[in-house]
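Please keep the model open in your viewer, and make each selection as the tour comes to it.

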Amino acid sequence: MTQHNRAKSDVFQPTGQIQFGIFFQGVNSGTIWKAAESGSQTDFESFRRIAQTAERGLFAAFFLGEGLRLREHLGRPHALDVVGRPDAQTMLAALASVTKNIGLVATQNTTYNDPADLAHRLASLDLISGGRAAWNIVTTDNAWTGANFRRGGYLDHADRYRHAEAFVETAKRIWDSWESPAGPARRVLHEGQHYTVDVTPRLPRSAQYRPVLFQAGDSPEGRNFAARQADVIFSAHPKFDDAVEFRKDLVERSVAAGRGANAVQIMPASEFILAATAEEALEKKEWVRSLQIGPQQAIAYLEQFWGRELSGYDPDGPLPEIDPVVEETSETRGSGFHGAKARQLADQWRAEAKDKGLSIRQFVTSKTARIDATFTGSYTAVADHLAEYARTGAVDGFNISPWLVPTGLDDIVNHLVPELQERGVYPTEYRGSTLRENLGLETPVRTADQPSGAVRA
Amino acid sequence: MSNTNTPSAEASQAGFLAIELDGAGWDGADISRAVLAAESAGFHAATFTDTPVPGRANALQRAAFAGPVTGSIALVPEVDTVYTEPFHVSTQLASLDYVSGGRAGWIATAAEAPGAAAAVGRSSVTGAALGQEAAASIEVSRRLWDSWEDDAVIRDVATGRYIDVDKLHYADFETPDGFTGAGYSVKGPSIIPRPLQGQLPVLVPASLLGEVPADALDAVLVSAPTPELLAAEVLDVRSRVGASVAVIAELDVVLDSRGQAAASRETAFDGGRAAFAGTAAALTDFLESLLADTDGVRLHPASLALDLDELGRLVLPELRRRGALRPVLQDGTFRDLLGLERPASRYVSAAAGTGK
């Protein structure tokens, strides 16, 4: 019951431990495809291999993203990066049969799914896997993505968290509806601005009660949403000082939400480039970076913001003096930089590159490599550094994006994990069979029956 | 793949057997046990119903779970076309094909239960509109499955291109004129490369024929109220769909088992489907004649535990001995089982100058 007290306390108490998750990205430049060791991004064997390696390393969770529309570049699908990935829950259901303990986290959006359908599918994954499912909640709103769906683009950017919260609360009621594994189920009604739900749920609670909830938004609204609803934040703040700051901020928000200081865990996105010595690790990093952002990718990256073809420019030369085409860059088609003020940005970047003496390729590498999210060094030095995160409780763990598939976790599992275990900051076995147990999360309590009738959002 | 049959040759003499695995529950271990039992009994395909019944987990996920633990049996979930997002459905089915090594199929259904509409806040779709929704969703999936040509992932280090964008295509689907429901469009391309089989076999219940054109399907599931009426119904559907669509008869089965007569065993068959009750020997004879007129038969056992055991011990071995069953395909695809060629993407010819 110490777990319970810890979660309810208003004072944050570090566990002294960290855990790992693995994020199989399946898109973008982080995963190297040009090396001889680069495996298939779609064959089941790649997924099996990496999930089983993660499980050998006692990883808490295996994450998959969600694709809703292919990223585009100057009006056509982007050609230079890894692309083409499976449906998250279908792949995770398959992985459930070849793994035993690792959590299975599906990124799923609240905009182009229906709550009753998504909640049922997540409950299915949770039951089939013996209580190992989780949902990484994301919101999206752009009409460009909506072009693949019946609804089209319908949601205002400003409404997306209000909509998402009503969605998540409805899902929780669906997972909460069966009194026992034999039923009966409570009918769930919801009437909101964008959808109505009237369903008698088909599935009981799982071994972990309901899927664990992850959330990845970082705006103040997103953080408040997580503080109210999520179990774990998949954060964007892995650097030590930022992580400490983010923890402080999140603790305040979760206490304000009435959930206690320890209720929401934090696992930042990260990348590890490791070797036996610091020198080797740095060499490896050069190699990794050169393959992540090749000459064509460097030019293409600038083209997204310039809105025009720049193939005549030397990737090893300075940034283009030519100005961006402002209109065409107002929306960069899935790259995540909406409404950037292109000309102003170009001026700023030219000055920055000149100041630091960076070529196009060096500049783009510095912009895309998520320098803060990368841990580079010897196994022992990185283990020492991570032990500091564990001691202070800056984070609860790291969600690692391997730069190589399917062998990208091998050195982490073979060398880093034992170093962390020696330092007493990493699990030496799975605590239980469910994700909730392995993360050390509290089990939710079933809500009392509510008077029937629609609940308004 | 070496066992590939042409639809006309061996297919006309020998059929395949599918089994509905409803009743395996929601637990992974139970699902594995059932599908492995079906595979070792010699069934060619396992199907997974998805009608909304308490305790029934999502069919496609049950099929996906079964993918890595099986080696030869085709895995064919029902997925609704009316209250689902066609883009998601297409991606999920393509993913099932990857996790099963090309053994996936799709029973495209059109949900009729009023509860299905209320669950997603839509008004009930009925009548001919059901078939229109099915036809539209099937067309979306088929276009999206073709939207990446087979060799779209090129990994060309010299030019820095992971994919050849000329081999990716927009689906640009729009619901047709006369579509009675809320029209929609799907842009594409798919977010997953082309399925291993190119196109997954699509099966539909005969009730949707007409609105769903025969050239959109690979197989049709035929029901009749009694075993006696089944053969006539099969011939009728065959005449409507032509030789290129496989005809699969639907049969409920309850067998004498462990000293208990079929007649005395409690059955809860879902009305409207022919039911066979009796001995294994009588079922074997009945199936032999039914398989002569069909491409395959799907069995719905009254009890997975009891009837699957009897079928595997007594019925399938005897049918196989009589030459009524096609060989089980080792390393084959579901298309191979149905005698279907792997089709080229519909967009290949659209590419300029390929000369194909």
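Begin in chain B of this predicted model by selecting strand β4(B) together with strand β9 (residues 202-205) of chain B, which pair in the parallel sense over two bridges. Within that pairing, display Ile107(B) and look across to β9(B), where the bridge partner is Leu203(B).

Now widen the view to the whole of β4(B), residues 106-109, and look at both of its faces, which are covered. Trp106(B) and Ala108(B) lie on one side, Ile107(B) and Thr109(B) lie on the other, and all of these residues are buried.

Next, add strand β3 (residues 74-80) of chain B, which runs parallel to β4(B) and is joined to it by three bridges. If you select Asp80(B), you will find that its bridge partner in β4(B) is Thr109(B). Then show helix α4 (residues 86-99) of chain B, since β3(B), this helix and β4(B) make a right-handed β-α-β unit.

From β3(B), move to strand β2(B), which is parallel to β3(B) and joined to it by four bridges. Ala45(B) is a convenient residue to display here, with Ala74(B) as its bridge partner in β3(B). To follow the chain between the two strands, select helix α3 (residues 59-66) of chain B, through which the chain crosses from β2(B) to β3(B) in a right-handed β-α-β crossover.

Stay with β2(B), residues 45-48, and colour its side chains by face: Ala45(B) and Thr47(B) are on one side, Ala46(B) and Phe48(B) are on the other, and all of them are buried. Strand β1 (residues 16-20) of chain B is also a parallel partner of β2(B), over three bridges, and in this pairing Ala18(B) stands opposite Ala45(B). Helix α2 (residues 28-41) of chain B completes another right-handed β-α-β unit, made with β1(B) and β2(B).

For the last stop in chain B, select Leu230(B), which is found in helix α7 (residues 227-241) of that chain. Is Leu230(B) buried or exposed? It has 24 C-beta neighbours inside 10 Å and therefore counts as buried. Leaving aside neighbours within four places in sequence, the residues in contact with Leu230(B) are Ala224(B), Ala249(B), Ala274(B) and Leu290(B). If you then draw a distance from the C-alpha atom of Leu230(B) to that of Tyr170(B), which is 60 residues away along the chain, the separation is 43 Å.

Turn now to chain A and show it as a cartoon, in which the secondary structure comes to 15 helices and 15 strands. The radius of gyration of chain A is 22 Å, close to the 23 Å that the globule rule gives for 457 residues, so chain A is as compact as a globular protein of that length. Along the principal axes, its C-alpha atoms fill a box of roughly 70 × 50 × 40 Å. Colouring by burial would mark 51% of the 457 residues of chain A as buried. Of the contacts in chain A between residues at least 6 apart in sequence, 77% join residues at least 24 apart.

With chain A still displayed, pick out its open sheet of ten strands, which are paired in parallel in the order β11-β10-β9-β6-β5-β2-β1-β14-β12-β13. At the edges stand β11 (265-266) and β13 (374-378) of chain A, each with a single partner strand, so one side of each is left without a neighbour in the sheet. Within this chain, zoom in on strand β9 (residues 212-215) and strand β10 (residues 232-233), which run parallel and are joined by two bridges; here Phe214(A) stands opposite Val232(A) in β10(A).

Keep Phe214(A) selected and add Ile22(A), Phe62(A), Ala46(B) and Val220(B), because these five touch the most other members of the largest nonpolar core, which has 245 residues. Around Ile22(A), the contacts beyond four places in sequence include Ile50(A), Phe62(A), Ile400(A) and Leu409(A).

Finally, select the contact between the chains, which takes 55 residues from chain A and 51 residues from chain B. On the side of chain A that touches chain B, the elements that give two or more residues include α2 (44-56), α3 (88-96) and α10 (295-306) of chain A, while the largest share, eight residues, comes from α4(A). Coloured by class, this side of chain A shows 27 nonpolar, 16 polar and twelve charged residues.

Methods:
Residues numbered from 1 in each chain as written. Chains lettered and ligands numbered in written order. Predicted model: local features only at pLDDT ≥ 70, side-chain atom pairs only at ≥ 80, totals over all residues. Contact = placed C-beta atoms within 7 Å. Nonpolar A, V, L, I, M, F, W, Y, C, P; charged D, E, K, R; others polar. Buried ≥ 20, exposed ≤ 12 C-beta atoms within 10 Å, placed from the backbone. Pairing = 2+ DSSP bridges. Right-handed = clockwise from strand over helix to strand, strands pointing away. Rg over C-alpha atoms; globule rule 2.2 N^0.38 Å. Core = buried A, V, L, I, M, F, W, Y, C linked by C-beta atoms within 7 Å.
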